[in-house]
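Opened a new chain today and went through it piece by piece. These are my notes, in the order I looked things up.

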Amino acid sequence: MKRTAQRIAVLATIVAAPVALGVSIGSASADAAPWHVGPVYRAETTGEGAQYFCSKAQALEQSSQSIVLVPCTRDGDVWYRVVVNPYNWGFSI
């Protein structure tokens, strides 16, 4: 039981920093470009039909068991969302 609690604590620590970064940058920065840090990423959609595409992408992410931190949100002409994908832990910015 103690080992399970330690694993959960380590996992929570690993996920906490990118999740906090994802929520703060995703919702507070109008000029932020798409980014990917560990399991958390910010995706953008622009142009004609951007809201539709953003909603479809969000629905697909939810069906693949990803966690949407910031749902499709409009910022000027850009629709963006911030998502945690626990199956993709690659680090790229």
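The entries below go from the overall layout to single residues.

**Confidence first.** This is a predicted model, so I checked pLDDT before anything else. The chain averages 76, and 61% of the residues score at least 70. Which elements sit at the two ends of the scale? Helix α1 (residues 2-28) has the lowest mean pLDDT, 59, while β4 has the highest, 91. I also marked residues 26-30, where pLDDT stays under 50. For that stretch I found 11 contacts in the model beyond four places in sequence.

**Layout.** I counted two helices and four strands. Reading from the N terminus, the order is α-β-β-α-β-β. Of the 93 residues, 31% count as buried. I then looked at the contacts with a separation of 6 or more: 51% of them are between residues 24 or more positions apart.

**Helix α2.** I started with its length. There are 14 residues (50-63), and at 1.5 Å a residue they should span 20 Å; the end C-alpha atoms are 20 Å apart, so the two agree. Next I asked which residues of α2 are buried. I got Ala-50, Cys-54, Ala-57, Gln-58 and Glu-61. They cover an arc of only 100° around the axis, which means they lie on the same side of α2. That fits the usual helix arithmetic: with 3.6 residues a turn, residues three or four places apart point the same way.

What does the buried side pack against? The answer is three strands: β2 (40-46), β3 (67-75) and β4 (78-84). On the other side of α2 I noted Tyr-52, Leu-60 and Ser-63 as exposed. After the helix comes Gln-65, and its phi is positive, near 70°.

**The β3-β4 hairpin.** These two strands run antiparallel and are joined by six bridges. For one opposing pair, I wrote down Ile-67 and Val-84, the latter in β4. The hairpin has two residues between its strands, and Gly-76 takes a positive phi near 70° there.

**Nonpolar core.** I pulled out the largest one. It has seven residues: Trp-35, Val-37, Val-40, Val-70, Tyr-80, Val-82 and Val-84. β1 (35-37) and β4 each supply at least two of them. Which strand gives the most? That is β4, with three residues. So Val-84 turns up twice in my notes, because it belongs to this core and also stands opposite Ile-67.

**Two buried spots outside the strands.** Asn-85 is in the segment after β4. Is Asn-85 buried or exposed? Its relative accessible area is 17%, and the cut-off for buried is under 20%, so Asn-85 counts as buried. Leaving out neighbours within four places in sequence, I found Asn-85 in contact with Pro-39, Tyr-41 and Ser-66.

Gly-38 is in the loop between β1 and β2. With a relative accessible area of 0%, Gly-38 is buried as well. I then took the distance between Gly-38 and Asn-85: they are 47 residues apart in sequence, and their C-alpha atoms are 8.7 Å apart in space.

Terms used:
Residues are numbered from 1 along each chain as its sequence is written. This is a predicted model: local features need pLDDT of at least 70, side-chain atom pairs count only at pLDDT 80 or more; totals for chains, interfaces and linings use all residues. Side-chain values use heavy atoms; hydrogens and water are left out. The expected span of a helix is 1.5 Å times one less than its number of residues. Buried means under 20% relative accessible area, exposed over 50%, partly exposed in between (1.4 Å probe, protein chains only). The arc is that of the directions from the helix axis to the C-beta atoms. Contact means heavy atoms within 4.5 Å. pLDDT is the predictor's confidence in each residue, from 0 to 100. Two strands pair if DSSP finds at least two bridges between them. A nonpolar core is a set of buried Ala, Val, Leu, Ile, Met, Phe, Trp, Tyr and Cys residues joined through side-chain atoms within 4.5 Å.
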